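Let's take a walk through this structure together. Have the 3D view open and ready to turn as you read.

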Amino acid sequence: MSERDVVQVVREGDIAWVTIDNPPVNATSTLVRAGLWQAVDAVQGATLAVLRGAGNCFVAGGDMSEFDRPPEEPHLPDVVQKIEDSPVPFLAVLDGATLGGGWEIAMGCAWRIAAPGVKIGLPEVNMGLIPGAGGTQRAPRLIGMEAAIDMACRGRIFAAEEVFDLGGIDLISKDIIADIKAFAEDLPPRPEPVSARDVDVPDLSGVADEVRKRAKGQSSPLENLKALQWVALPFAEGQPKERARHLELRQSAESRALRHAFFAERQAAKPDAIKGVTPRDIARIAIVGGGLMGAGIAAAALSAGYEVVILERGKAEAEATEARVTGLLEGALKRGKISREVSEKQRDNFSVAPGYGAAAGADLAIEAVFEDLEVKREVFRNLAEAMGDDAILATNTSYLDPTEIFAGVPNPARCLGLHFFSPAHIMKLLEIVMTPDTAPEVLATGFAFGRKLKKMTVLSGICDGFVGNRMLAAYRREAEYLLADGALPHEVDAAMRGFGMPMGPFELQDLTGLQIAWANRQRQAATRPEGERYETIADTLCDLGRLGQRAGKGWYRYGEASRSPVRDPEVEGMIRAYSAERGITRRGFGADEIANRLMAVLINEGARIVEEGIAERSGDVDTVQIHGYGFPRWRGGPMHYASERGWDVVAQDMARVAEASPGSWVIADQLKGAAR
């Protein structure tokens, strides 16, 4: 593709129309930059140059495929400066997304007109970067420092109407072509270039503390705040500083990790198993079970526009379920997430019915009852009788084998797992579990359903716990080994928070309830390898009724008014006594060693999952961990983190873990190979 293809200039009287046509999002690739450079020369002689993007999008950012290569001329800041300096003024026409380099280009234009609802921002922070073409230097001068901080440090995407109110857009237009022609006929005086405007820089020390706290270890928010303060310098000094730092950050581990996560998510959503397959249309959904999980799934489906019926056993259960779901819908309305009109539409689309007859006519049924194989089998026997032979049947099991759940169901090709994470109306991850019988069309429909629910969908094969919970089980197991060997819960949790996790493994268990993992350990007891180390500290806590936050005590204590964990001498005494009773000589563990050991088992289990074909690729494992378990996105997921740290180093860590607990770990082939 040539420069002429991606940037076209057409003269129409005194107006020069400049169109960027680089699908799908008109990213500022080398060809686009070169085309714009030539376009500035081509428009000379006109009265006004109108810059727009083809395909209902202005420019949605840079071409990240170029970020790992040396930058090629013309560089974007030079292109933007040439547009700003052009004797013929430019009018930017903003449509769809105007992000990153797109907003930098727009700020270099003399005027900006936007269609209603256009999304505007500087999301480079989400890729571990600062803008590189004057974004941090022009934004404060155009829309003020407070909004620029929101945009650059927090990655907030603004609506065009908000930017108009801030003075960054000259007109919101519903008839852009007519308004452009009217604007050109009565051209106002050219405004002072954005780069030449003065701006006051307030004391941002308090903002820095807030940004640092929100960043949770990610450095790019603070990098953006630092760059914004360079507006105190003349633009000719601040902009080159921004550009130089942008190029340095492209090579940082944080940026590599965030870019990896970005591409891994997109790959995960399009697995090889559904390539070229057309999904079915889904309109009506039946959900069996209206507990916390079923209600959350219902709320998510209603928000996506589906008609939903929840099947309950009796009147009391139906009333409780209806109250639970309507409470979630009312909460969304109160928080301003939806309008009154949308809320009423969702209520109209929702019903609760006794028995399975109401499932007739549904396109998809999702089982959301508790983890008992026989109970789930009974659910699907009833659904199969009530629904058509082609209706899709899905289990929400977290651990059980779907092939056993669906055993005996007619037409097993229509069956699959849809593993939601609680609370299902909030959590982004959806593991889609393929059985040996699942038809590609059914699998593709599951992915289309997940996308409509705005979930991050990832394919999983069948194993105990699928991708995420299998890895969580290994992570918890090693955490409990650390307790027996000398660590205390608060030390392990602090180490993992220091690594970037939102909470440590014991805080997480208290939050979700210790009984969940307890029930799973009991289920696994019959098949647990004979030589595998098994520590019973958590079982003892469960026997004592210490089930976590809801019980007021678990690994920690909790006050009635506060949900903050408080160290409990009783638990710490139990742990020390446990070690002594088993003849274990306790030793201290530093934060780095704790984090390295826990990361080693997480990486090892992830590698085994890929080797066994449970996940199609390591990026899928990373996506599961980021969106389901709070793994710091700025580290890219455990598998990417292993590549950054070095697989040989991780192999050494895992060898030490295995040596401390003989017979307890199966080492992944990738780690075996790296250790050689």
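What follows looks at a sheet, then at the cavities, then at a pair of helices. Keep in mind that this is a predicted model.

Start with the sheet, an open one of 3 strands in the order E5-E7-E8, with mixed pairing. Strand E5 (97-99) and strand E8 (158-159) are at the edges; each has a single partner strand, so one side of each is left without a neighbour in the sheet. Helix H4, residues 101-108, packs on this sheet and touches E5 and E7. The direction of H4 makes about 85 degrees with that of E5. Now look at how E7 and E8 meet: strand E7 (residues 119-121) pairs with E8 in the antiparallel sense, over 2 bridges. If you want a spot to click on, try Ile120, whose bridge partner in E8 is Phe158.

Next, the empty space inside. Rolling a probe the size of a water molecule over the atoms shows where such space is left. Here the count comes to 2 cavities of 30 Å³ or more.

The largest cavity holds about 80 Å³ of space. It is lined by 13 residues, and the closest to its centre are Glu84, Gly108, Cys109, Ala110 and Pro193. You've already met one contributor to this lining: H4 supplies at least two residues, and so does helix H3 (76-85). What mix of residue classes lines the largest cavity? The lining splits into 7 nonpolar, 1 polar and 5 charged residues.

The second largest cavity has a volume of about 40 Å³. Around it you'll find Leu364, Ile392, Leu416, Leu418, Val442, Thr445, Gly446 and Phe449. Strand E15 (415-420) and helix H18 (440-452) each give at least two residues to this lining, with H18 providing the largest share, 4 residues. By class, the lining of the second largest cavity has 6 nonpolar and 2 polar residues, and no charged ones.

Last stop: two helices packed against each other. A pair like this is described by the angle between the axes and the distance between them. For helix H20 (residues 489-499) and helix H21 (residues 505-512), the axes come within 7 Å and cross at roughly 100 degrees. That crossing makes H20 roughly perpendicular to H21. Which residues of H20 and H21 meet? From H20 come Pro489, Val492, Asp493, Met496 and Arg497, and from H21 come Pro505, Phe506 and Glu507. Sorted by class, the residues of the contact of H20 with H21 are 5 nonpolar and 3 charged, with no polar ones.

Definitions and conventions. Residues numbered from 1 in each chain as written. Predicted model: local features only at pLDDT ≥ 70, side-chain atom pairs only at ≥ 80, totals over all residues. Heavy atoms only, no water. Pairing = 2+ DSSP bridges. Contact = heavy atoms within 4.5 Å. Axes fitted to C-alpha atoms, helices over the stretch in contact; angles between N-to-C directions. 1 Å grid on protein atoms, 1.4 Å probe; cavity = no way out; pocket = protein on both sides within 12 Å on 5 of 7 lines; lining within 4 Å. Points joined across faces, edges and corners; volume = space filled by probe spheres on them. Nonpolar A, V, L, I, M, F, W, Y, C, P; charged D, E, K, R; others polar. Parallel < 35°, antiparallel > 145°, perpendicular 65-115°, else oblique.
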